[in-house]
Amino acid sequence: KYLNITVFCISLLTYLRKHKSDIDILHVHTADWIAGVAGLGGKLFGIPVVCKGADTPVFPDLECVPMSFLLDRYRKTPHFIALTESMEKDLRDHDGPKGKISVIPNGVELPETTSHVYENATFLFLGNFSQTAAHKGFDILIDAWSEVVKQEPGVRLIMAGGGDSSEWQNAAKQLGIFDTIRFPGYCINIEKLFLESGCLILPSRKEGLSNALLEANSYGLPAVVTDIPGMKEVVIHGETGLIVPVSDSRALCEAILSMYRNPQLRRYYGKAARLRVEDLYGIDSVASRVESLYSRLVH
């Protein structure tokens, strides 16, 4: 890792020096070490740098990174896009650049068709299985789901996403619930999953602003999520979905059962979720705000 980062840093700085007159904006999508080398390159060659925070906390620890002191200093110099107000606060609390933070969320396309969540009682989880349970909460979902199935044997779950899901398939087999869960892997046609589902479940322990959540809401799906900052700024508890404590499988189970047993609730929350996405997270509005930021930095 140390060698790879060293080679990348040298290559990027060499490229920026050679092509600096052709570059208007340098934009990075995480405030890790890569934001540090981008900030350093921007300083050396007079290029505006934008960094979009990925998670909260925004600045992860720099482990096995060359020139970590230098890169830590310069990763705090770009103009930051904070996805949420909680991310903006985290930036301010951890030496983010004063006067150089814009709150701009992720944006989604608004589909013309929405899911018939009153009739659809299948639950959907979307996530990258390459990420750990410490991030996505796979273990909590499997644990909660085992109790849900005991009370409602007819309930069904789709756990979709890239990466190796074998650990969680094996866990489901050991608990005797494997036949109630579908693992389709990476799906190109995400729309099909949304249209056949009635509710999204995201038991994450750590998240920035989930695109899966915004996309599900855009299809009129309500959501059951954990009470972490990025989730709570999208889901309004008791209005567009339900919020449960992090790592609380019992509370997650109860929320899933509530959604499963009350199709009118799914429909009410789903309609409110779609309207909220239209108002706050439509791609046209979000893209316009990013374009305005670029214009200010360039001119």
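Which residue forms a salt bridge with E196, the closest N and O atoms being 3.3 Å apart? The partner is R182, and this pair is a good place to begin a tour of what is a predicted model. The briefing below starts with the six-stranded open sheet, moves on to the buried residue D55, and then takes up the salt bridges, of which the count comes to twelve.

**The sheet and its helix**

- Six strands make up an open sheet with parallel pairing, in the order β7-β6-β5-β8-β9-β10.
- The edges are held by β7 (181-185) and β10 (241-244); each has a single partner strand, so one side of each is left without a neighbour in the sheet.
- On average, and with direction ignored, neighbouring strands of this sheet are turned by 20 degrees against each other.
- Three bridges join β6 (residues 157-160) to β7 in the parallel sense, and in that pairing L157 has I181 of β7 as its bridge partner.
- Helix α6 (residues 138-151) packs on the sheet, where it touches β5 (123-126), β6, β7 and β8 (199-202).
- The direction of α6 makes about 165 degrees with that of β6.

**D55, a buried acid**

- You will find D55 in the loop between β2 (49-52) and α3 (68-74).
- D55 is buried and has no salt bridge.
- The nearest side chain of opposite charge belongs to K206, 4.5 Å away; a salt bridge needs a nitrogen-to-oxygen distance within 4 Å, so K206 does not qualify as a partner.
- What D55 does have is a reach from its side chain to the backbone nitrogen of G208, at 3.3 Å.
- Setting aside neighbours within four places in sequence, the residues in contact with D55 are M87, H135, K206, E207 and G208.

**Salt bridges around E196**

- As a general point, side chains of opposite charge can pair when their charged atoms come close.
- The bridge between E196 and R182 links distant parts of the chain: E196 sits in the loop between α8 (190-195) and β8, while R182 belongs to strand β7, and the two are 14 residues apart.
- E196 also forms a salt bridge with K192, with the closest N and O atoms 3.1 Å apart.
- E196 is partly exposed, at a relative accessible area of 23%.
- Its partner R182 is partly exposed too, at 39% relative accessibility, and K192 is likewise partly exposed, with a value of 49%.

**Salt bridges elsewhere**

- R274 and E278 meet through their side chains in a salt bridge of 2.7 Å, N to O.
- Both R274 and E278 lie in helix α12 (residues 263-280), four residues apart, or about one turn of the helix.
- R274 counts as buried because its relative accessibility is 15%, below the 20% cut-off, whereas E278 is partly exposed at 35%.
- A network of salt bridges links D72, R75 and K76.

**S288 and L91**

- S288 is found in helix α13 (residues 283-298) and counts as partly exposed, at 39% relative accessibility.
- Along the chain, S288 and L91 are 197 residues apart, and their C-alpha atoms are separated by 23 Å.

Note on methods: Residues are numbered from 1 along each chain as its sequence is written. This is a predicted model: local features need pLDDT of at least 70, side-chain atom pairs count only at pLDDT 80 or more; totals for chains, interfaces and linings use all residues. Side-chain values use heavy atoms; hydrogens and water are left out. Two strands pair if DSSP finds at least two bridges between them. Axes are lines fitted to C-alpha atoms, for helices over the stretch in contact, and angles run from 0 to 180 degrees between N-to-C directions. Contact means heavy atoms within 4.5 Å. Buried means under 20% relative accessible area, exposed over 50%, partly exposed in between (1.4 Å probe, protein chains only). Lys and Arg count as positive and Asp and Glu as negative; His and the chain ends are not counted. A polar contact is a pair of N or O atoms within 3.5 Å; within protein, one must be able to donate a hydrogen and the other to accept it, and residues adjacent in sequence count only if both atoms are side-chain atoms.
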